[in-house]
Amino acid sequence: MSPEMAQGLSELLDQVTGYIYPNEIELQWSILIVVYPYITGLVAGAFILASLVKVFNVKDLQPTYRLALLTALAFLLVAPLPLLLHLGRPERFYEILLTPNVTSAMAMFGFVYAWYLMGVLLLEVWFEYRRDLIVMGGRERGLIAWIHRALSLFSTDTSEAALAFDRKAIRGITIIGIPSAFLLHGYVGFIFGSVKANPWWGSVLMPIVFLMSAIVSGIALVIFLYMMLAAIRKEPVDMPCLDTITSYLFYAVIVDFSLEALDFIHRLYQSEESVKILGKLITHKLFMSLFVLQILIGMFIPLGILVVAKWRKLNEDGRKLLYFTAVILIQLGIFSTRWNVVIGGQLFSKSFRGLMAYKMEVMGIEGFLAAIVLLALPFVILAVLIRVLPTKRLVDEAPKPA
Amino acid sequence: MNKRDFLKGLILFFPAGGVLGALARELDAKETVPAQTGTAGTAPKPGPKAYDPKSHYYGMGIEIDKCIGCNRCVEACKAENNVLQEPFFFRTWIERYVIKKDGDVVVESISVKSKASKETSQDDSDVLRTFFVPKLCNHCVHPPCVQVCPVGATFATEDGVVLIDSKRCIGCRYCIQACPYGARYLDPRTKTADKCSFCYHRVRQGLLPACVEVCPTQARIFGDLRSKASRLVRFARMNKIHVLKPSLNTEPKVYYAQLDGEVR
């Protein structure tokens, strides 16, 4: 054991209040495990937003459809990285695929992930882009032409019948995709919700709360990216689209808040053995991240902003400014939600007699910088994806491929 | 002796014979774990038959009133199992409970020497009762750690011991989160989960776990629940026993006698 680690743990020992089991001094799931549900939440939320266009025919949202799909893909590609980096023995990760323990919720990760990536997202992206890839591959020269042709898997059929099949396939995949997105993130909630040893986690509402907050964060992220992209490209923002998405966002935040409030009231009213220590937890350790960041800045203020933007009949620029502010605050709030669940659940002793402390590393593989890199990486991937796969459908006068 | 007395005698003789016979069978039952008084030096005779895990089911009994908080079990455990000496990693530890007259409960792990736990001269007048509680992995019948391990690296043996295969463990630490008793930690040397193994390497050879072996007051009783003659079964028969956090339905196999309701 390194002297730095011993030193670090000794310092934490002095910050303990009350009694904790001696092995509890080391916090096991660090900032990276906060990043993981945050990222998968964005994936599920963005995909569900995209699905609204195809399954429920919400035409207003068409301008964000492809962006939402690519966002989901970019974040999904990064989702396993925090888990992998967090493992004590990352070189053994394949064991989880080769010899999964069927009673373990975590063992299902590889299968849920693989299904969602290959059975849903990549398929849908491919059918959505197939025609455009063929058109672009025929129009361009050099490397990029080859990339596009390869991505289309060298298909060449752009006949009306083939395109009709594409549309049908996308619809079918989306219909399967919505429950899959629910599965992906509900499952992450289940990993926490099923831990009976931990009263802060062990709740049947956990998967549902995770899901709802995922939808909130995914929608907010797509709005953010759509507005940023329009600003970078110096294009006008489609206001009906923006107004519609922000309405969905508004209702999603309300449902999310109601569920969390229900969870809170339920715990308070049932007042089980753990209620005292959980009360101490939220007032001593999570006051800033729960009451201020998650609830006030992440929910109440954005809700207020959205109300003002919708009912005060502001002009376009005013609405855009307010929407943009709201989605950034919401992102902050959802990240705090993940923090409060993951870190909060490890700051009180299972003896219900004491509170621990968490000191985040800055450097190091489980530190702050690693988390920042992991959070930035999907945006880099998305930038590359957008280069290769245009977010707007090619117009029809494109020449037929040679 | 007349006929009447003889018949009376017969009525008594047959049931008494049945009772004696049953007792004799009981005596015949083998005690699989050597007597607790045996010292570490006495080597066990290797059994004539190979070890059959199916015929054992291990557990531990702890008599709270006998524990004097000497911490020898903790030291023996660390030495026997090469547990890190730093006070953050324990396969077993001792808690001291001080219950005040006003209902306040002060708990400390006497195995951890932190600033706060330095001996303070307590005013005895406000103390209602005080006692020590040895803690360790409960080797649950329904172990949540085994349920959640994604790769099956932690498992329950047929003879009722929950073990970790450190060559398979990927260090995800889900088991540490799932354990309600704080019995597990991540060994920083191997980056894999670690915890009490009931000294399985010793038990397989007919020896006692190190903590049981060194306990000067015999507060810890180790035994085989499948053997009627085992000390553990006798302990369970002679005491009113309780387990930790029974509401979680983990069914611990570490049984406490004289356990106080304040202990969690």
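User: How many salt bridges does a search of the whole structure find over all chains?

Analyst: A salt bridge here is a side-chain nitrogen of Lys or Arg within 4 Å of a carboxyl oxygen of Asp or Glu. The search gives 25 over all chains. Keep in mind that this is a predicted model: local features need pLDDT of at least 70, side-chain atom pairs count only at pLDDT 80 or more, and totals for chains, interfaces and linings use all residues. Residues are numbered from 1 along each chain as its sequence is written, chains are lettered from A and ligands numbered from 1 in the order in which they are written, and side-chain values use heavy atoms, with hydrogens and water left out.

User: Which residue forms a salt bridge with Lys320(A), and where do the two lie?

Analyst: An α-helix has 3.6 residues a turn, so residues three or four places apart point the same way. Here Lys320(A) pairs with Asp317(A), closest N and O atoms 3.8 Å apart. Both sit in helix H13 (residues 316-342) of chain A, 3 residues apart; helices are DSSP runs of H or I, at least four residues, numbered from the N terminus.

User: Are Glu213(B) and Arg202(B) buried or exposed?

Analyst: Buried means under 20% relative accessible area, exposed over 50%, partly exposed in between (1.4 Å probe, protein chains only). Glu213(B) is buried at 17%, and Arg202(B) is buried at 12%. Their side chains meet in a salt bridge (3.0 Å, N to O). Glu213(B) lies in helix H6 and Arg202(B) in helix H5 of chain B, so the pair ties together parts 11 residues apart in sequence.
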